[in-house]
Amino acid sequence: MAPARGCSGVTFLDRLPPELLAEIHGRLGFVDRLALAASCAARSRIALKTEAPCLVLPGASPDRITVFSLADNHAAAARATDPAMRDHVVLGSCSAAAGWLVTADARGSLRMANPVTGEQADLPAITTIPFIRPLGGGAFCLSMGPFAEVRFRGEAPSADGTFNGAWWGGRSTFTHTADQMRLWFYRKVVLSVSSASPTPSPRSYAAMLILGRNLGAPAFASAEDPVWRLAPSRDGVEDAIHHDGRFYSVTYSGAVEAWERGDGGGGEFVSRAVAPRLAFEERSVSRKYLAAALDGRLMAVLKYSPQEKGDGVSFKVQVLDEARGRWEEAADIGDAALFVGVNGTLCVSAREYPRVRAGCVYFTDDNIGETWLRHDRDVGYGYANREANLEVRDVGVYSLHSGKVERINVTLQEQPRWPPAAWFTPSV
């Protein structure tokens with residue numbers, strides 16, 4: 001879907017009046033809409049119809065990807081941009097509908113990519129964190145002492161060798177192979193790209209990297225400061241979004257914080273609590289996500305994985321009531337629909353997209369390492385039975401009203417199951 005242009009970089013489509021271009025775009029099917037968007041210059045795409053969230057999936061070969069449209073119930077094959085989308089694992093995306101994904105390759109490199117336009121850009125190397133160093137053979141070594149000093153602000157370990165419950169077995173170093181970085185070391189990347197130009201661009205970005213659960217720390221980088229700067233987080237960051245000009249996060253213990261660059265001049269980020277701690281039953285909640293409601297309020301999406309045979313995955317939604325200073329469970333989210341997954345969380349209006357169902361949570365698999373283990377062993381991993389495993393392993397939609405899960409009609413049985421599917425909002 002990458003654009004083909006003349007020497008001037010402008011196609012005949014870019015010379016059409018915006019009203020005519022928008023009319024043509026609105027009459028096309030999904031595949032042709034993406035092709036048209038890719039063929040237009042950035043300044044022309046602002047006239048085109050906004051696309052509903054899609055799924056990006058592995059293709060039939062390493063040089064192909066599949067994009068599935070919920071609005072059209074149709075899949076399209078596309079060339080996998082090399083190297084950003086080649087044998088990719090999607091770790092993140094923009095919270096807004098900007099069309100950019102963050103991917104990790106088998107060498108541990110992080111990149112930004114737009115699957116429609118073919119544009120891509122590198123994110124800083126993980127070794128810009130001073131106490132992460134490369135080893136021979138493509139491995140990385142993390143020095144735990146300096147890491148703990150930053151994450152826990154100098155807090156001493158307890159008698160059992162843990163830092164606030166984070167167990168590292170008394171290790172002084174922590175080592176991963178390059179391929180393991182995207183399975184266990186990285187958890188998620190939250191991306192914000194420039195909105196100053198008509199089409200969002202990675203030339204001005206801010207990114208928040210969340211490390212895996214055993215490590216729990218966030219790190220920040222930007223186009224103006226292209227190094228990863230680790231930040232303290234005593235409870236460990238589980239999920240985050242970029243909203244209203246800043247990063248917001250939720251910790252494993254349910255603390256909700258906002259992050260901003262500190263006043264020290266060193267580029268470090270600091271957090272402050274912006275909401276009451278979430279109330280939940282820790283044993284039954286398998287994942288917490290943050291989202292921004294259509295009216296701008298913060299939302300928390302709690303995922304409950306199957307506990308017993310016959311159970312299915314389920315979700316609950318809480319909305320922050322700032323006036324009362326509390327989280328309130330929302331069984332009805334009106335015309336909104338939520339999209340959650342390992343790469344991001346998005347709330348959209350179902351009125352804008354005919355096939356998107358209001359009051360529902362659309363979900364994908366959200367544990368990259370465990371997904372790889374299931375793929376590698378071809379057995380259920382971490383769930384009570386194979387049927388439940390397949391339910392979470394694939395893609396589904398959960399109705400908050402009925403409490404039921406339906407599979408999304410994607411031909412995943414014929415698609416490779418690795419890497420896992422991710423949500424993607426095409427940038428047009």
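**Sheets, hairpins and the main pocket of a predicted model**

Four strands in the order β21-β22-β23-β24 build an open sheet with antiparallel pairing; strands are DSSP runs of E of at least two residues and helices are runs of H or I of at least four, numbered from the N terminus, and two strands pair if DSSP finds at least two bridges between them. At the edges of this sheet stand β21 and β24 (326-329), each of which pairs on one side only. On average, neighbouring strands here are turned by 30 degrees against each other, direction ignored, with axes taken as lines fitted to C-alpha atoms (for helices over the stretch in contact) and angles running from 0 to 180 degrees between N-to-C directions. The structure is a predicted model, in which local features need pLDDT of at least 70 and side-chain atom pairs count only at pLDDT 80 or more, while totals for chains, interfaces and linings use all residues. Residues are numbered from 1 along each chain as its sequence is written, and side-chain values use heavy atoms, with hydrogens and water left out.

Within the four-stranded sheet, β23 (residues 314-321) runs antiparallel to β24 and is joined to it by 4 bridges. Val319 stands opposite Glu328, and Leu320 has Trp327 as its bridge partner in β24. The two strands form a hairpin with 4 residues between them, and Gly325 in the turn has a positive phi of about 65 degrees. In a regular strand, side chains alternate between the two faces of the sheet. At the β21 edge, attention turns to Arg287, which lies in that strand. Arg287 is buried, with a relative accessible area of 2%, where buried means under 20%, exposed over 50% and partly exposed in between (1.4 Å probe, protein chains only). The side chain of Arg287 reaches the backbone oxygen of Asp366 at 2.6 Å.

A second open sheet has 3 strands in the order β8-β9-β12, again with antiparallel pairing. Its edge strands are β8 (132-135) and β12, each pairing on one side only, and neighbouring strands are turned by 25 degrees on average, direction ignored. Strand β9 (residues 139-143) pairs with β12 over 5 bridges, and Ser143 stands opposite Thr173.

Earlier in the sequence, β1 (residues 54-58) and β2 run antiparallel and are joined by 5 bridges; Cys54 faces Ser69 across this pair, and a hairpin of 5 residues links the strands. Strand β2 (residues 64-69) is mostly covered, with 5 of its 6 residues buried. On to β3 (residues 74-79), β2 has 6 antiparallel bridges, with Arg64 opposite Arg79. The hairpin of β2 and β3 has 4 residues between the strands, and Asn73 there takes a positive phi near 50 degrees.

The largest pocket holds about 770 Å³ of space. On a 1 Å grid over the protein atoms alone, a pocket is an open set of points where a 1.4 Å probe fits, with protein on both sides within 12 Å along at least five of seven lines, and lining residues have an atom within 4 Å of a point. Its lining comprises 32 residues, of which Arg187, Arg213, Ser286, Asn367 and Glu370 lie nearest the centre. By class, 14 are nonpolar, 8 polar and 10 charged. Elements that each supply at least two lining residues include β12 (173-177), an edge strand of the three-stranded sheet, and β21 (287-292), an edge strand of the four-stranded one.

Methods: Points joined across faces, edges and corners; volume = space filled by probe spheres on them. Nonpolar A, V, L, I, M, F, W, Y, C, P; charged D, E, K, R; others polar. Polar contact = N/O pair within 3.5 Å; in protein donor to acceptor, adjacent residues only side chain to side chain.
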